[in-house]
Amino acid sequence: MVLLFNIIFQVSDAISFLLLSAIGLAVIFGMMRIINLAHGEFITVGAYGTVVTAKMGLPLPMAMACGVLVTIIFGFILERLIIRYIYGRPLDSVVATWGISLIVSQSFLIIFGPSIEGLKSPLGSFQMGDYSFSEYRILLIFISFLILVLLYFLFMKSRFGTLARATIEKPITSSALGVDVQKVYTITFCIGAGLAGLTGALYIPTMTCVPSLGQAFIVSAFVSVVTAGASPFIGLVPAAAFLGSFQTGITFFYHATIGLIGLLFAVIMIIRFLPSGFSGLIKKGK
Amino acid sequence: MGLNNILEIKNIISGYGTTNVINNISFGINESSILAISGRNGVGKSTLLKTIIGIVESKSGNIFFMNKNITKNRPTERSILGIGYVPQGRDIFNSLTVEENISLPAISRRMKNLKNELEKIYSVFPILKEKRNDLGGSLSGGQQQQLAIARSLIFNPKVLLLDEPSEGIQPSIVSSIAEKIHNIAIELKTAFVIVEQNISFISKLSCDCFIIDKGVISSKISSKDFSDVDKARKALSLEL
């Protein structure tokens, strides 16, 4: 019973980490084909925004909201200054966002130094048999699934969602029908940035606060989006579920390093034998 | 030409990159009237419509819509002012339902009474009501054409630009679409600019027709010469 609970906890924890790492990247890539190499720095911005405002005395949830808000503003400025000029140019977007990534991480190093005092992990932990579980990480599992549900309603059921889906499919026709495509892109980019900021805000209490902290999410984010395939909205959940279970399984029998190697090996196999990713598999099945 | 023209094109030159496709075209169209534009493949018919809606930028000349110069406006702004556009190949949103396809321009305009407007559209195109919850991509060619027209009618445009509405559609549906266009022009006072190569379709519209060749209007055929298909074929075959 305890063992079963432990397995479920470990798997869900790994899946929610993959989901939260990837979600902002998936929205920006899935909607606008912008490969955002500055994704890690968006996460860093959210984390620092949270820590700085928490140190100023804000309660943690409020500080997290500030972290998200700062990242949205950051994303908005970048979209206005740089990103909007490179829509439809995926390779240029790689170079541009990589440059942004370098500038931002070095700026953080200059402004805040090599590290700042982090936050304590909120909530406590509880004991079950031989295992101890962090309550906060269990909360994170629920939050990640809640975010997915909210995103589903935002993109499938709301006014903005209809405009956004039309814009992804046929931007030129959408504009000829009166859709303000530019505005849809700006809002979507800000949503993606805000989600990345939220990831940083949610995980920073469990991490040390250094300028390169976003890098911890980058591998998970990119492998999830790559294996999700051409439609990250459809493929992300199965991709994260598969990769998370696989990684946890191997970690469980060996140890974490082998687990990570196994994860990357699985990704290579998926790209080799399932080039259109999980979303391609789902679409074929329909 | 004159103030009563709802849409007025003056000395438009446009094209792609350094190549000009439209070489100085001017015309005007009144409220409630229909204008057909015909010509061989690759003479610039579609480019002309794209220039009017703004997807292709004009290099010189002016476009007036309701006496407002819209030459510098983006496609989104032109659409919101009241120009509808049905592209060649229809460009239905495959991943949106039929109803979402029709509603899209209304949603982007935050139109009220969407339900009423939808009912009006469904009374003109009953087949779309039947299929309202199906995905746009699952419709047949003729249904997609009706959907594309419905999608542009939802915001009551003053001018509707149609690019090859009869393309890939069986003849019986072609004539029903022509009939619907006629009724819409009269009832909703919508003006139509229709690019078309199908002679029997043009003759059913019984409207004036411009022939374009090498990016200029090479001749104008009056509606009288289209009173029956044979006459139309004769008039057009000299040009096509």
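In this predicted model, helix α9 (residues 215-228) of chain A and helix α10 (residues 232-253) of chain A have axes that come within 7 Å and cross at roughly 120 degrees. That angle makes α9(A) oblique to α10(A), because it falls outside the 65 to 115 degrees counted as roughly perpendicular and is not over 145. The crossing in which α9(A) passes α10(A) is right-handed. On the side of α9(A), the residues involved are Val223(A), Ser224(A), Val225(A), Thr227(A) and Ala228(A); they meet Pro232(A), Gly235(A), Leu236(A), Ala239(A), Ala240(A) and Leu243(A) in α10(A). By class, the contact of α9(A) with α10(A) comprises eight nonpolar residues, three polar ones and no charged ones.

A second helix pair in chain A is formed by α1(A) and helix α8 (residues 181-203), which pack with their axes 7 Å apart and at an angle of about 170 degrees. Since angles over 145 degrees count as roughly antiparallel, α1(A) and α8(A) are assigned to that class. From α1(A), the contact draws on Leu20(A), Ser21(A), Ile23(A), Gly24(A), Val27(A), Ile28(A), Met31(A) and Met32(A). Their counterparts in α8(A) are Tyr185(A), Thr188(A), Phe189(A), Ile191(A), Gly192(A), Ala193(A), Leu195(A), Ala196(A), Thr199(A) and Leu202(A). The contact of α1(A) with α8(A) has 13 nonpolar and five polar residues, with no charged residue.

The third pair joins helix α5 (residues 135-157) of chain A to α6(A), whose axes come within 5 Å and cross at roughly 70 degrees. An angle of this value, between 65 and 115 degrees, makes α5(A) roughly perpendicular to α6(A). Leu154(A), Phe155(A), Met156(A) and Lys157(A) in α5(A) meet Phe160(A), Gly161(A), Ala164(A) and Arg165(A) in α6(A). This contact of α5(A) with α6(A) contains five nonpolar residues, one polar residue and two charged residues.

Helix α6(A) also leads to the interface between the chains. The contact takes 16 residues from chain A and 21 residues from chain B. On the side of chain A that touches chain B, α6 (159-169) and α7 (171-176) each supply at least two residues, and α6(A) gives the most, with six residues. The residues on this side of chain A divide into seven nonpolar, four polar and five charged.

The nonpolar interior comes next. The largest nonpolar core has 139 residues, of which Ala22(A) and Leu161(B) touch the most other members. Helix α1 (residues 2-32) of chain A gives the most to this core, with 15 residues. With neighbours within four places in sequence left aside, Leu161(B) is in contact with Leu49(B), Ile52(B), Ile53(B), Ile83(B), Gly84(B), Tyr85(B), Val86(B) and Val193(B).

Elsewhere in chain B, Phe192(B) is found in strand β8 (residues 191-195). Phe192(B) counts as buried because 23 C-beta neighbours lie inside 10 Å, where 20 or more suffice. The C-alpha atoms of Phe192(B) and Ile34(B) are separated by 4.6 Å, although the two are 158 residues apart along the chain. Beyond its neighbours within four places in sequence, Phe192(B) is in contact with Ile34(B), Leu35(B), Leu160(B), Leu162(B), Ile181(B) and Ala185(B).

Gly142(B) belongs to helix α6 of chain B. With 18 C-beta neighbours inside 10 Å, Gly142(B) counts as partly exposed. Apart from its neighbours within four places in sequence, Gly142(B) is in contact with Ile169(B), Gln170(B) and Ile173(B). The C-alpha atoms of Gly142(B) and Ser166(B), 24 residues apart along the chain, are separated by 8.4 Å.

Two loop residues of chain B remain to be described. Met66(B) lies in the loop between β4 (58-65) and β5 (68-69) of chain B, and its phi is near 50 degrees, a positive value in a residue other than glycine. With 15 C-beta neighbours inside 10 Å, Met66(B) counts as partly exposed. Asn156(B) is placed in the loop between α6 (141-153) and β7 (159-163) of chain B; it has a positive phi of about 50 degrees although it is not a glycine. Asn156(B) counts as partly exposed, with 14 C-beta neighbours inside 10 Å.

Definitions and conventions:
Residues are numbered from 1 along each chain as its sequence is written. Chains are lettered from A and ligands numbered from 1 in the order in which they are written. This is a predicted model: local features need pLDDT of at least 70, side-chain atom pairs count only at pLDDT 80 or more; totals for chains, interfaces and linings use all residues. A nonpolar core is a set of buried Ala, Val, Leu, Ile, Met, Phe, Trp, Tyr and Cys residues joined through C-beta atoms within 7 Å. A residue is buried if 20 or more other C-beta atoms lie within 10 Å of its own, exposed if 12 or fewer, and partly exposed in between; C-beta atoms are placed from the backbone. Helices (H or I, at least four residues) and strands (E, at least two) are DSSP runs, numbered from the N terminus. Two residues are in contact if their C-beta atoms, placed from the backbone, lie within 7 Å. Axes are lines fitted to C-alpha atoms, for helices over the stretch in contact, and angles run from 0 to 180 degrees between N-to-C directions. Angles under 35 degrees count as roughly parallel, over 145 as roughly antiparallel, 65 to 115 as roughly perpendicular and the rest as oblique. A crossing is left-handed if the near helix is turned anticlockwise from the far one by less than a right angle, and right-handed if clockwise. Ala, Val, Leu, Ile, Met, Phe, Trp, Tyr, Cys and Pro count as nonpolar, Asp, Glu, Lys and Arg as charged, and the others, Gly among them, as polar.
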